[in-house]
Amino acid sequence: IEVTIAGQTLLHGLLTAMPGIDAAIRDAVHAGHGKGGTLSVGFVGSVAYEILPRVVKNLQSALPNTKLSLSQMTSGAQIEALRSRRLDVAVTREHAAAPGLSQVRILTEPFVVALPARSRLAELREINLRDLNGEPLVTLPTSSGRLREDILGQIADSGADLTIVDEVVEMTAMLGLVSAGRGISIVPKS
């Protein structure tokens, strides 16, 4: 029996392609078992300094052969991306249940007051929310969702009356505005 030229060409192509096909099958099996592939992780900017590094380190340790693809986005955008399967994991500050998604609380932290250096409150050893009465407030915009609601809710519950002077999405911008003397801010401790 002789192999035709067409058969020889097919055989050569198959022998050349087999290692790639084997690797693709192996990668697919590993990804199916969480041992490879790409894991898309979303995060809010305010977790970038303390929380995100721990999450990334733990994911890399647990899934050493998995590539991490990181995307900074708002909590709301992350929820949408999870629903549309553009993200696999979201690191948010939201704690409201989202239908069809699972949540795991990785950290509970208190709020702290960020003050300009020359604030009348800077010399106090402890600040109660009532002490903030009359202060200008730099906070998150309405679109930020639950975190803003929690902050403003705690202020309202204390009876303090603050005037919102600036609304910014990023915590770093918020802290910069506080440093510039625009007002005070209430932020997560991390």
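## A walk through the model, starting at Glu-135

Start by selecting Glu-135: this residue is buried, with a relative accessible area of 12%. Keep in mind as you go that you are looking at a predicted model. Glu-135 sits in the loop between β4 and β5. Now show what surrounds this side chain. Setting aside residues up to four places away in sequence, Glu-135 touches Arg-120, Leu-121, Asp-161, Leu-162, Thr-163 and Ile-184. While you're here, add Gly-183 and draw a C-alpha to C-alpha distance: Glu-135 and Gly-183 are 6.8 Å apart in space, though 48 residues apart in sequence.

**Next stop: α5**

Select residues 171–179, which make up helix α5. Which residues of this helix are buried? Colour Met-171, Met-174 and Val-178 and you have them. Turn the view until you look down the axis of α5: the buried residues fall within an arc of 60°, so they line one face of the helix. The spacing fits a general rule. An α-helix has 3.6 residues a turn, so residues three or four places apart point the same way.

What do the buried residues of α5 pack against? Bring up β4 (111–114), β5 (136–139), α4 (146–158) and β7 (185–188). Then zoom in on Met-174, which is in contact with Val-138, Thr-139, Leu-140, Val-168, Ser-185 and Val-187, leaving aside neighbours within four places in sequence. Before moving on, step past the end of the helix to Gly-181, where phi is positive, near 90°.

**The cores**

Stay in this region and pick Leu-132, Ile-155, Leu-162, Met-171 and Met-174. Of the 18 residues in the largest nonpolar core, these five touch the most other members. Two or more residues of this core come from each of β5, α4, α5 and β7. There is also a second, separate core, of twelve residues; select Val-44, Val-47, Val-55 and Val-56 to see some of its members.

**Over to the three-stranded sheet**

Now show β1, β2 and β3 as a cartoon. This is an open sheet with the order β2-β1-β3 and parallel pairing. The edges are β2 and β3, each pairing on one side only. Tilt the sheet and look along it: the twist averages 25° from one strand to the next.

For the pairing itself, begin with β1 and β2 (residues 67–72), which run parallel over six bridges. Ser-40 is a handy marker, standing opposite Ser-69 in β2. To get from β1 to β2, the chain passes through helix α2 (residues 51–62), and this β-α-β crossover is right-handed. On the other side, β1 and β3 pair in parallel over three bridges; select Phe-43 and you'll find its bridge partner in β3, Val-91.

**Last stop: the helices on the sheet**

Switch on α2, which lies across β1, β2 and β3 and runs at about 160° to β2. Then add α3, lying across β1 and β3 at about 170° to β3.

Which residues of α3 (residues 75–83) are buried? Light up Ser-75, Gln-78, Ile-79, Ala-81 and Leu-82. Looking down the axis of α3, you'll see that its buried residues fall within an arc of 165°, so they line one face of the helix. Among the elements covering them are β1 (38–43) and β3 (89–91). Finish at Arg-85, just after α3, which takes a positive phi of about 65°.

Methods
Residues are numbered from 1 along each chain as its sequence is written. This is a predicted model: local features need pLDDT of at least 70, side-chain atom pairs count only at pLDDT 80 or more; totals for chains, interfaces and linings use all residues. Side-chain values use heavy atoms; hydrogens and water are left out. Buried means under 20% relative accessible area, exposed over 50%, partly exposed in between (1.4 Å probe, protein chains only). Helices (H or I, at least four residues) and strands (E, at least two) are DSSP runs, numbered from the N terminus. The arc is that of the directions from the helix axis to the C-beta atoms. Contact means heavy atoms within 4.5 Å. Two strands pair if DSSP finds at least two bridges between them. A crossover is right-handed if, with the strands pointing away from the viewer, the path from the first strand over the helix to the second runs clockwise. A nonpolar core is a set of buried Ala, Val, Leu, Ile, Met, Phe, Trp, Tyr and Cys residues joined through side-chain atoms within 4.5 Å. Axes are lines fitted to C-alpha atoms, for helices over the stretch in contact, and angles run from 0 to 180 degrees between N-to-C directions.
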